[in-house]
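Me: I have a model open on my screen and would like to walk through it with you. Could we take it one question at a time?

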Amino acid sequence: MGTIVPSGSTSVTPSYGRLRRRLLVTVVALVVVAALVVAGLLFLRGDDVTPDAADGPGAVLPDVGAPAPVLAALPDDAPAPDPDALGTLLTPLLAAPALGGGVSAEVVDVAGGRTLFALGADDPVTPASTAKLLTAAAALTAIDPEDTLETRVVAGAGPGEVVLVGGGDPTLSTTAPSLTYPGAPTVADLAAQVRAALPAGAAVTRVVVDNSLFEGPLTAEGWGPEDAPSTYAAPVTATAVDGARLRPGEDPRSGAPGTDAGRALAAALSVPGATVELGAAPEGAETLGSVRSAPVARLVEQALSQSDNLLAESLSRHVALASDLPATFDGAAQAVTGALEEAGLDVSDVELYDGSGLSRLDLVTPAVLTELLGGAADGSLAGASAVLSGLAVAGYDGTLADRGDPAAPPGTVRAKTGTLLGVHGLAGTVVTADGRLLAYALVANGTSGGGGPEEAALDAVASAMAACGCS
């Protein structure tokens with residue numbers, strides 16, 4: 001009996017010929033796939049090894065040598081620039097009108113330890129964010145670089161209350177993963193632990209934020225009223241999320257980082273309407289959850305590469321705590337200079353009021369910056385290698401992502417930038433055309449431009465050193 005096809009429809013019963021053609025196409029396709037699989041196996045095993053031999057007891061695998069280094073070491077015999085030739089090259093560049101005639105500079109040969117060029121190198125100048133190099137080195141020498149910073153939630157004084165205890169880690173993230181700090185702990189993880197620790201059915205109605213780890217004023221002497229909150233800084237508190245950003249991954253910072261962190265925890269606990277306020281954790285309170293930051297060495301890299309003011313300030317407070325000093329701006333400044341002096345650096349002309357370089361009262365010499373960078377590079381400043389890995393790479397990342405000479409070999413110019421009104425700095429390392437590693441510090445005080453010309457002038461100096469053999 002034939003297939004009944006309703007009026008207006010098309011028969012769905014294929015003819016014998018169509019079935020035959022479909023079967024033929026399917027068989028051919030299977031043959032092709034099988035051939036490709038066999039060819040792939042033979043290719044992976046090698047043209048001169050048969051499948052039977054490869055599976056047999058007498059199979060011989062090719063020797064695999066030691067892996068070649070990803071980054072080639074600098075040649076031991078690379079010549080250092082001649083000081084006179086380097087001076088002839090750099091002097092007119094440092095006299096660029098954009099730099100305002102107030103440039104202080106020093107260039108040092110790392111391997112030989114010899115000063116190749118100096119211009120007011122021992123004069124104290126306002127360093128701007130190049131001062132973060134001091135905080136970074138102090139953190140790496142006063143604290144174990146593998147240490148992490150803990151943020152906790154403990155039980156509150158009454159039913160329904162939990163306390164967020166700040167551990168001085170501003171990288172705690174409201175997103176997973178963090179949009180700014182790779183490897184950062186998350187509020188979601190912390191909230192999940194709290195929910196698991198609370199009795200079944202217990203409701204959180206109140207979140208208290210304990211900022212007591214850090215003391216004293218929330219902004220430093222020498223900061224302007226417009227500095228915190230701003231797009232680049234926030235009041236320094238022991239508790240913050242997303243680097244005190246109002247929105248993850250964006251620039252505007254909060255004027256109340258601790259309260260914002262409490263609200264973030266309440267939201268993660270699914271109680272966004274809970275009361276949030278500052279306070280203190282009860283003595284001996286039960287821990288309901290805890291998370292830890294990335295290692296200090298990684299935090300140092302992030303603070304330097306992105307010139308993160310709040311992260312740098314937090315690290316300087318931890319240097320103070322490690323030095324048994326108050327976790328205040330004054331205590332942190334004293335601890336940073338003390339740690340560097342203990343590490344062997346000459347900080348007699350250094351005067352700090354904060355850990356980020358945002359204070360206009362900070363004073364640093366180019367000579368101490370190059371001494372620090374050279375020590376991190378040659379190993380004499382023990383444990384400070386993360387200072388170098390944290391330097392932004394010209395034309396590639398961090399605050400130098402869109403700066404530098406595009407024609408320069410990748411990675412030859414690395415630096416910590418520094419910018420305040422009237423101040424522009426660049427301090428880092430450069431590999432010359434002959435393969436010699438130099439440490440340099442360039443700081444211009446008294447500039448009056450909008451930033452672009454000053455940055456271009458400093459970049460030109462670094463690029464000239466990279467292109468220079470000058471031997």
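Reply: Happy to! One definition to start: a polar contact is a pair of N or O atoms within 3.5 Å, and within protein one must be able to donate a hydrogen and the other to accept it. Please keep in mind that this is a predicted model.

Me: With which side chain does the side chain of Arg403 make a polar contact?
Reply: Arg403 sits in the loop between strand S8 (392-393) and strand S9 (413-420). Beyond its neighbours up to four places away in sequence, Arg403 touches several residues, including Thr417, Leu426 and Glu455. The side-chain polar contact, at 2.8 Å, is with Asp459.

Me: Is Arg403 buried or exposed?
Reply: The cut-off to use here is that buried means under 20% relative accessible area. Arg403 has 9% relative accessibility, so Arg403 counts as buried.

Me: In what order do the 6 strands of the open sheet with antiparallel pairing run?
Reply: Let's begin from the edges, where strand S2 (114-119) and S8 each have a single partner strand, so one side of each is left without a neighbour in the sheet. S8 joins S9 through 2 bridges, and Ala392 has Ala415 as its bridge partner in S9. The whole order is S2-S1-S11-S10-S9-S8.

Me: Which helix packs on that sheet, touching S1, S10 and S11?
Reply: The direction of this helix makes about 155° with that of S11. The helix spans residues 366-378 and is H10.

Me: Why is strand S11 described as largely enclosed by the rest of the structure?
Reply: Strand S11 has partners in the sheet: strand S1 (residues 103-109) pairs with S11 in the antiparallel sense over 7 bridges, and strand S10 (residues 423-431) does so over 9 bridges. Val108 stands opposite Ala439 in S11, while Val431 stands opposite Leu437. S11 covers residues 437-445 and counts as largely enclosed because the number of its 9 residues that are buried is 7.

Me: Which residue takes a positive phi in the hairpin of S10 and S11?
Reply: This hairpin has 5 residues between the strands. The positive phi is near 90° and belongs to Gly435.

Me: What is the strand order in the open sheet of 5 strands?
Reply: The pairing in this sheet is mixed. Its edge strands, each pairing on one side only, are strand S6 (275-278) and strand S7 (287-292). Strand S3 (residues 150-155) runs antiparallel to S7, with 5 bridges joining them, and Arg152 has Ser290 as its bridge partner in S7. The order is S6-S5-S4-S3-S7.

Me: Which helix on this sheet touches S6, and at about what angle to it?
Reply: Helix H5 (residues 187-197) packs on the sheet too, but its contacts are with S3, strand S4 (161-165) and S7. The helix with S6 among its contacts also touches S3, S4 and strand S5 (206-210). This is helix H6 (residues 257-268), at about 150°.

Me: How are the rings of Trp223 and Phe329 arranged?
Reply: A pair of aromatic rings is described by the distance of the centres and the angle of the planes. The structure holds 1 aromatic pair. In it, the ring centres of Trp223 and Phe329 are 5.6 Å apart and the planes are at 70°, so the arrangement is edge-to-face.

Me: How many residues apart in sequence are the parts that this pair ties together?
Reply: Trp223 is buried at a relative accessible area of 11%, and Phe329 is buried at 5%. Trp223 lies in the loop between S5 and H6, and Phe329 in helix H9 (residues 329-342), so the separation in sequence is 106 residues.

Me: At what distance from the ring centre does Arg317 lie over the face of Phe329?
Reply: Arg317 lies over the face of Phe214, at 5.3 Å from the ring centre. For the face of Phe329, the distance is 4.4 Å.

Me: What separates the C-alpha atoms of Ala240 and Ala261?
Reply: Ala240 lies in the loop between S5 and H6, and its relative accessible area of 3% makes it buried. Among the residues that Ala240 touches, leaving aside those up to four places away in sequence, are Asp169, Leu310 and Ala261. Ala240 and Ala261 are 21 residues apart along the chain, yet the separation of their C-alpha atoms is 5.3 Å.

Methods
Residues are numbered from 1 along each chain as its sequence is written. This is a predicted model: local features need pLDDT of at least 70, side-chain atom pairs count only at pLDDT 80 or more; totals for chains, interfaces and linings use all residues. Side-chain values use heavy atoms; hydrogens and water are left out. Two strands pair if DSSP finds at least two bridges between them. Helices (H or I, at least four residues) and strands (E, at least two) are DSSP runs, numbered from the N terminus. Contact means heavy atoms within 4.5 Å. Axes are lines fitted to C-alpha atoms, for helices over the stretch in contact, and angles run from 0 to 180 degrees between N-to-C directions. Buried means under 20% relative accessible area, exposed over 50%, partly exposed in between (1.4 Å probe, protein chains only). Rings of Phe, Tyr and Trp (its six-membered ring) pair if their centres lie within 6.5 Å; planes under 30 degrees apart count as stacked, over 60 as edge-to-face and the rest as tilted. A charge sits over a ring if NZ of Lys or CZ of Arg is within 6 Å of the ring centre and within 35 degrees of the ring normal.
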